[in-house]
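Here is a short tour of one protein model. Keep the sequence and the 3D view open while you read.

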Amino acid sequence: MVFGQAVIGPPGSGKTTYCNGMSQFLTLIGRKVAVINLDPANDALPYECAINIEDLIKLSDVMNEHSLGPNGGLVYCMDYLEKNIDWLESKLKPLLKDHYLLFDFPGQVELFFLHSNARSVINKLIKKLDLRLTAIHLVDAHLCSDPGKYISALLLSLSTMIHLELPHINVLSKIDLIESYGKLAFNLEYYTDVEDLSYLQHHLDQDPRSAKYRKLTKELCNVIEDYNLVNFSTLDIQDKESVGNLVKLIDKSNGYIFSSIDSSAIEFSKIAAGPLDWDYYRYPFFFSSSSKRALYIFLPVFLQR
Ligand SMILES: Nc1nc2c(ncn2[C@@H]2O[C@H](COP(=O)(O)OP(=O)(O)OP(=O)(O)O)[C@@H](O)[C@H]2O)c(=O)[nH]1
Ligand SMILES: [Mg+2]
């Protein structure tokens, strides 16, 4: 059984930086990590890449040969990858024995709530290679500073969850920058827990442009609340505690925490129902703010770019 993450989210939400930071963190806690770049538009990769889609297809070639723009080009590349899934499988096979996989996907959101190609790539890999993947959906935290943008982030997260049908964690990325966009109308927990969206209505009414769409927005909020699926974790990729908390959630969602257990169903259920603190005590630096080693590993995440 091979565990890993499919890292997705809108352009610039921090996916590539996340793969870099997450691979450093996981390496630090003793996992062997392989980062797979599936974004054919990712030109300057900050991480060492085990597999690169550019070896199969290049966005610039596709755009030239087929007279496509970047968006059409990316859809073409993902279709091409789906048709040539054997290429990816053969590259992944040598890694399956002992690696944890991080897939860095393109930031074109239609690929993950509309088109079937990316979903099909993920599903084929899961079935053929027995992967356990969690979708990590990064959304820039600055969207919380505008109620209209926040609602569209909720809708995007919901449609992506329903479309991909994977264990799924929505993450407000770049949370360290949230205060630089001014004071939020509500506590951060309001935005992460997605509790009662009717409170947003008042704020939307302040803006004449959004007040015009009052009824529509209300119905959209009802849809989000009726599904009751979306909530968010937060992440500052430079902060080891923030990354550590997310790792705990991911390990629970894709079953990594069960991977070393071969005893009874009771043991499984104890872990499933218990707190998230599984056996992270194995890594003494995990939450120790005095640990400089982890900090030094993290600082270069941005400096390398
Ligand atoms: N302050 C802060 N900046 C971040 C964080 N994560 C990413 N960034 C910055 O956000 C910018 C975009 O990050 P990328 O990792 O390139 O985003 P991406 O989602 O891979 O972008 P595309 O591949 O173009 O869709 C970069 O300047 C990063 O340094 C974070 O947690 N905090
Ligand atoms: Mg990227």
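The report goes from the whole fold to the core, the ligand, the helix pairs and a few single residues.

**Overall fold**

This is a predicted model. The protein has 15 helices and seven strands. Of its 305 residues, 37% are buried. Contacts across long stretches of sequence are a marked feature. Among contacts with a separation of 6 or more, 75% join residues 24 or more positions apart.

**The nonpolar core**

In soluble globular proteins, nonpolar side chains tend to be buried together. Here the largest nonpolar core holds 66 residues. Four of them touch the most other members: Ala6, Val7, Leu102 and Val171. Helix H7, residues 147–164, supplies the largest share of this core, with seven residues.

Take Val171 as a way in. Leaving aside neighbours within four places in sequence, Val171 is in contact with a run of residues: Ile136, His137, Leu138 and Val139. Val171 also meets Phe232, Ser233, Leu235 and Leu246.

**Around the ligand**

Which residues come nearest to ligand 1? They are Gly14, Lys15, Thr16, Thr17 and Gly107, out of 20 residues around ligand 1. Helix H1, residues 15–28, gives the most to this shell, with three residues. By class, the shell around ligand 1 has five nonpolar, nine polar and six charged residues.

**Two helix pairs**

H1 also packs against helix H12, residues 240–253. Their axes are 11 Å apart, at an angle of about 80°. An angle from 65 to 115 degrees counts as roughly perpendicular, and H1 and H12 are therefore roughly perpendicular to each other. From H1, the contact uses Gly21, Met22 and Phe25. From H12 come Lys240, Val243 and Val247. The classes in this contact of H1 with H12 are four nonpolar, one polar and one charged.

The second pair is helix H2, residues 59–66, with H3. Here the angle is about 110° and the axes are 9 Å apart. That makes H2 roughly perpendicular to H3. Leu59, Val62, Met63 and His66 in H2 meet Pro70, Gly73, Leu74, Tyr76 and Cys77 in H3. The contact of H2 with H3 divides into seven nonpolar, two polar and no charged residues.

**Residues in helices**

Now to single positions. Threonine 160 is in helix H7. Is threonine 160 buried or exposed? Threonine 160 has 24 other C-beta atoms within 10 Å. The cut-off for buried is 20 or more, so threonine 160 is buried. Not counting residues up to four places away in sequence, threonine 160 touches Ile8, Phe112, Phe113 and His137. His137 is a contact of valine 171 as well.

Valine 75 is found in helix H3, residues 70–83. Valine 75 is partly exposed, with 19 other C-beta atoms within 10 Å. Beyond four places in sequence, valine 75 touches Leu111 and His115.

Glutamine 201 is in helix H9, residues 198–205. Glutamine 201 counts as partly exposed, with 15 C-beta neighbours inside 10 Å.

Each of these three residues has a listed partner elsewhere along the chain. The table gives the separations.

| Residue | Partner | Distance along the chain | C-alpha separation |
|---|---|---|---|
| Threonine 160 | Phenylalanine 112 | 48 residues | 5.7 Å |
| Valine 75 | Glutamine 108 | 33 residues | 8.6 Å |
| Glutamine 201 | Lysine 218 | 17 residues | 7.5 Å |

**Positive phi in two loops**

Two loop residues deserve a look at their backbone. Glutamate 165 lies in the loop between H7 and strand S6, residues 168–173. Its phi is near 55°, a positive value in a residue other than glycine. Glutamate 165 is exposed, with 11 other C-beta atoms within 10 Å.

Lysine 174 is found in the loop between S6 and helix H8, residues 188–193. Lysine 174 is not a glycine, yet has a positive phi of about 55°. With 22 C-beta neighbours inside 10 Å, lysine 174 counts as buried.

Technical notes. Residues numbered from 1 in each chain as written. Chains lettered and ligands numbered in written order. Predicted model: local features only at pLDDT ≥ 70, side-chain atom pairs only at ≥ 80, totals over all residues. Core = buried A, V, L, I, M, F, W, Y, C linked by C-beta atoms within 7 Å. Buried ≥ 20, exposed ≤ 12 C-beta atoms within 10 Å, placed from the backbone. Helix = DSSP H or I, 4+ residues; strand = E, 2+ residues; numbered from the N terminus. Contact = placed C-beta atoms within 7 Å. Near = placed C-beta within 6 Å. Nonpolar A, V, L, I, M, F, W, Y, C, P; charged D, E, K, R; others polar. Axes fitted to C-alpha atoms, helices over the stretch in contact; angles between N-to-C directions. Parallel < 35°, antiparallel > 145°, perpendicular 65-115°, else oblique.
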